[in-house]
Amino acid sequence: MPPLRKAALFGVFEDSLRRSGLSFLRLAAEGDHPAAYQVIRDQGSFRVRVYIWNLTPGGNNRPRDEWRIQPTGLDEIGGVTRFVPEIGGKTAILGWNADFGVFAAFDIEEHLDPLGSSPSIQIRQHALEAARVNGIAPHFKGSEEVAFAIKPTYMGVYLDNMSALHGCGSSEAALQLLDELCENPESVDDQDIEDHVPEPRRYGVVSTMKALRDANFKDRVLTAYSHSCAMCGVQLRLLDAAHILPAAHPDSTDETSNGIALCALHHRAYDRGLLTFDSGYRIRRNEPMERELVAAGLDGGLADFRARLFPMINVPPNRADRPSPAFVDQVNTLRGWAL
Ligand SMILES: [Zn+2]
């Protein structure tokens, strides 16, 4: 595909935020490079400065599996061209390749020196390929720098955990663990992190592991349900991967069979006990709660709410992905449903 212009590259970046489940406000004027965003997630928000270029093949006399960004077109400050970190926020240096459908992300800490006359920052193709499969993948560049390839739906995980991710370059054991973590976040546990990651980085790596597990769960569940709400069929990227037995319960797991794709409305209604589904996959409304709402004059929209519900949830075609009756029965009991 031909290289994209700056506005289109920022469009891809903004889309990656939305697809990661994040909201944002643009803080820079149209056409500014770098751009700045206030990124808003469930808990709090942060500011991020974004540099972005096309990620292109390495060029003549370079290894065939090398891809690179060429960071040109930046303003000179005090006679030199350099990346300027966002004070009190985060700074992302990104490349985008539409053929692989992944970003490359480089560590600002390793690129604070003035840029030369034809600057270039590289990543290898194996990372792009691995990210396309696993969501995110590291490429160790030596001299402590780790670059990442990232699928758009993992941009939130990357931005949230970027210092822990790039920080793993300082230890061989941490790097090895990072490799395993990106390939399969379920294969690593707290003990592995305690054994292999030096103390100051442990907390960050544990947070990264949790974020990767969440992203992996969401990916599997939404894919299993064809990105549509099991209760009403809505798509529109308004979907959550809800846990059937909530993650806070000790018996909860991240298996796909403990997940269900629900739109924002039905996720909230499920968690609040306004409806549920039984182990035969029938959707059950909470009629006593509906009557209370009618009595309190808080039943606006109830007729529409009822009308849009399927009689049964749509289940994934693959049996192993369908809600496990054990989880369904357990949560219904815990929430006080007499079915
Ligand atoms: Zn729905």
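Of the 339 residues in this predicted model, 34% count as buried. With the whole chain displayed, the C-alpha atoms fill a box of roughly 70 × 45 × 35 Å along the principal axes. The secondary structure comes to 10 helices and 16 strands. Among contacts with a separation of 6 or more, 59% join residues 24 or more positions apart.

**The two domains**

Colour residues 6-219 as domain 1 and residues 239-334 as domain 2. The centres of domain 1 and domain 2, taken over C-alpha atoms, are separated by 36 Å.

**Helix α1**

Select residues 6-19, which form helix α1. The 14 residues of α1 reach 20 Å from the first C-alpha to the last, close to the 20 Å expected at 1.5 Å a residue. Show the side chains of L9, F10, F13, S16 and L17, which are buried. These buried residues cover an arc of only 110° around the axis, which puts them on the same side of α1. The spacing follows a general rule: an α-helix has 3.6 residues a turn, so residues three or four places apart point the same way. Turn to the other side of α1 to find A7 and G11, which are exposed. Now add β1, β2, β3, β8 and α3, against which the buried residues of α1 pack. Following α1 is G21, whose phi is positive, near 85°.

**The seven-stranded sheet**

Next, display the open sheet of seven strands, whose order is β1-β2-β3-β8-β9-β12-β11, with mixed pairing. Its edge strands are β1 (23-26) and β11 (136-140), each of which pairs on one side only. From one strand to the next, the twist averages 35°.

Within the sheet, select residues 45-54, strand β3. Seven of the 10 residues of β3 are buried, so the strand is largely enclosed by the rest of the structure. Which strands pair with β3, and in what sense? Strand β2 (residues 35-40) pairs with β3 in the antiparallel sense over six bridges, whereas strand β8 (residues 90-97) pairs with β3 in the parallel sense over seven bridges. For the β2 pairing, centre on V39, which stands opposite F46 in β3. The two strands β2 and β3 form a hairpin with four residues between them, and G44 in the turn has a positive phi of about 80°. For the β8 pairing, pick N54, whose bridge partner in β8 is W96.

Move along to strand β9 (residues 102-106) and strand β12 (residues 146-150), which pair in the antiparallel sense over three bridges. Here A104 has A149 in β12 as its bridge partner.

**Helices across the sheet**

Add α3, which lies across β2, β3, β8, β9, β11 and β12; α3 runs at about 170° to β12. Then add α4, which lies across β11 and β12 and runs at about 155° to β11.

**Helix α6**

Finally, select residues 199-224, helix α6. This helix has 26 residues and reaches 38 Å from its first C-alpha to its last, close to the 38 Å expected at 1.5 Å a residue. Its buried residues include V205, M209, L212, F217 and V221. What covers the buried residues of α6? The covering elements include α3 (155-167), α4 (172-183), α5 (190-196), β13 (239-243) and β14 (259-263). Just after α6, the tour ends at S226, which takes a positive phi of about 50°.

Terms used:
Residues are numbered from 1 along each chain as its sequence is written. A residue is buried if 20 or more other C-beta atoms lie within 10 Å of its own, exposed if 12 or fewer, and partly exposed in between; C-beta atoms are placed from the backbone. Two residues are in contact if their C-beta atoms, placed from the backbone, lie within 7 Å. Two strands pair if DSSP finds at least two bridges between them. The expected span of a helix is 1.5 Å times one less than its number of residues. Axes are lines fitted to C-alpha atoms, for helices over the stretch in contact, and angles run from 0 to 180 degrees between N-to-C directions. Domain bounds come from an automatic or database domain assignment. The arc is that of the directions from the helix axis to the C-beta atoms.
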